[in-house]
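Colleague: I'd like to go through this one with you and hear what stands behind each label. Can you take me through it?

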Amino acid sequence: MPEGLKSLRLPLLRIMKRLFLLWILVLVPTSWAAKPNMVFIIADDCTFRDIGCYGGQAKTPNIDKLAKQGMRFTRCFQAAPMCSPTRHNIYTGLYPVKSGAWPNHTRAYPHVKSIVHHLKPLGYRVTQTGKTHINPREVFPFENFGGGKNPDMKYIDRLFAETAKGGKPFCLFACSNEPHSPWNKGDASAYPADKVKLPPYIVDTPRMRSDFSNYLAEITYYDSQVGEIVELLGKHGLSENTLLMVVSEQGNGFPFAKWTCYDHGLQSAMIVRWPNKVKAGSVTDAMVEYVDVASTFIDAAGGQPVSPVDGRSFLPVLRGKADTHKEHVFGIMTTRGIINGTDAYAIRSVRDTRYKLILNLNHKSKFTNACTKSPAFQSMVAKAAAGDATAKRLVHAYQHRPAVELFDMEKDPLEMNNLSGNTDYQKHVTRLRAKLEGWMKTQGDQGVETELKARERQGGRKKKNPKKKQP
């Protein structure tokens, strides 16, 4: 090398190094700014039909406003009508049996990856505040974890401020504990018990009316939490570049909702606001599931599809490029190990856009759970014992099911008329049963046998080499 070039080599290297550092300091934060922030807000035990913009009695001005600013889903579903498997389902993108988290108070298999593992390499802070109900910790290594039963608004304020100042983009899961019982938040006077409208599948008693009034008040309280988070996004100038998703979780703790595979238990509200990406005031009938959320967020963040997961991104639906997503959605309910639960009452379901099939795999058992022990349900039982024919019919229908149930969701959205014994509908039973059994096979779900293993999947991780007790 000529002497002149040698003399230039060292200064040139220094210049290149400085340029590289400048790129790190300037261009990388710019790329962060181009990525959308993501906020997922979830209620706890809230039936979607009770929310204002879904035709419900609850006053939900903040959620209703978001529906006008974004997209409202009419067919969003989850795979299990209980808190813990629902959350595992969302974060892992796996259906309950495959992830290992199918009973309540459960845990995922240690080899399972969650959305944290998929978004962090894309430059995201992946964080969670409020109700957790997931295990083990290494599968869900959120930057923040829990901090109470409800979202910590001070933490959220700080997180948003740090991003607004040039920090990394975030994916925040804000998990409410409302309107889970006991219903002790919100203003129940806004819902006088004597004016509350009970669903036709719930027996009308004074105690039921009182509880339902308190429940509606707590939905409004949840709506106020949604409003606080939306306000914080605006405060820090993050609204325009944030994909905001609000859902209602599984159904409420009243009969025929939570702990069942009826749509009152498995269907969810879903509102998505994403300015300039999602059309304001739009409504979609596309069938989506909670299992699709992780894949959708990864797609929105610019990541590639991950495998193995069960979910699929519905980003094309959000952007108005597709009006369909899935042809079938699935459900699983495990009573083994839940509070006051039947020792084994395995329920599986499948639904297309019109028909819903439910298999009660251990239907000869009596169906029990925390609801059947509640004062409200006992008031239904007392009314039935006093000779009320409607009460008697509904109490029996809740606790004693046939092996097969089929519903026409177009004509009978509240699932009050079982068509499984009607010969005109046998083709739908046969068709959907084959689809459901095929899905169970792909999941490693053996029905009652899987149900009997539920307690093996409950609780935290077992301690290794526990000390022997002294005699």
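Modeller: Sure, starting with Asn340, which sits in the loop that links β9 (329-333) to β10 (347-351). Helices and strands here are DSSP runs, H or I over at least four residues for a helix and E over at least two for a strand, numbered from the N terminus. Keep in mind that this is a predicted model, where local features need pLDDT of at least 70, side-chain atom pairs need 80 or more, and totals for chains, interfaces and linings use all residues. Residues are numbered from 1 along each chain as its sequence is written, and side-chain values use heavy atoms, with hydrogens and water left out.

Colleague: What makes the phi of Asn340 worth a remark?

Modeller: Its sign: phi of Asn340 is near 60 degrees, a positive value in a residue other than glycine.

Colleague: And why is Asn340 called partly exposed?

Modeller: Buried means under 20% relative accessible area, exposed means over 50%, and partly exposed is in between, with a 1.4 Å probe and protein chains only. Asn340 has 34%, so partly exposed is the label.

Colleague: Which label does Asn276 get, buried or exposed?

Modeller: Exposed, because its relative accessible area is 72%. Asn276 also has a positive phi, near 70 degrees, without being glycine, and it lies in the loop between β6 (267-273) and β7 (282-284).

Colleague: What makes you say helix α3 is mostly covered?

Modeller: Ten of the ten residues of α3 (83-92) are buried. Among them are Cys83, Arg87, His88 and Tyr91.

Colleague: What covers the buried residues of α3?

Modeller: The cover includes β1 (37-42), α4 (96-99), α5 (115-119) and β4 (170-175), along with β3 and α9. Just after α3 comes Gly93, with a positive phi near 75 degrees.

Colleague: How do you know which peptide bond at Pro136 is cis?

Modeller: Omega from Asn135 to Pro136 is near -10 degrees, and that bond is cis. Pro136 lies in the loop between β3 (125-130) and α6 (153-164). Another cis bond runs from Ser307 to Pro308, with omega near 0 degrees; Pro308 is in the loop between α9 (293-300) and α10 (315-318).

Colleague: Zooming out, how does the radius of gyration of the protein sit against that of a compact globule?

Modeller: The radius is taken over C-alpha atoms, and the globule rule is 2.2 Å times the number of residues to the power 0.38. For 471 residues a compact globule would come out near 23 Å, and the protein has 25 Å, so the two agree. The C-alpha trace spans about 105 × 60 × 55 Å along its principal axes. In total there are 14 helices and twelve strands, and 55% of the 471 residues count as buried.

Colleague: What share of the contacts joins residues 24 or more positions apart?

Modeller: Taking contact as heavy atoms within 4.5 Å, such pairs account for 73% of the contacts with a separation of 6 or more.

Colleague: How confident is the predictor overall?

Modeller: The measure is pLDDT, the predictor's confidence in each residue, from 0 to 100. The protein averages 92, and 90% of the residues score at least 70. Residues 21-30 are below 50, with four contacts beyond near neighbours in sequence. Residues 462-471 are below 50 too, and that stretch has zero such contacts.

Colleague: How should coordinates be read where pLDDT is low?

Modeller: Not in detail.
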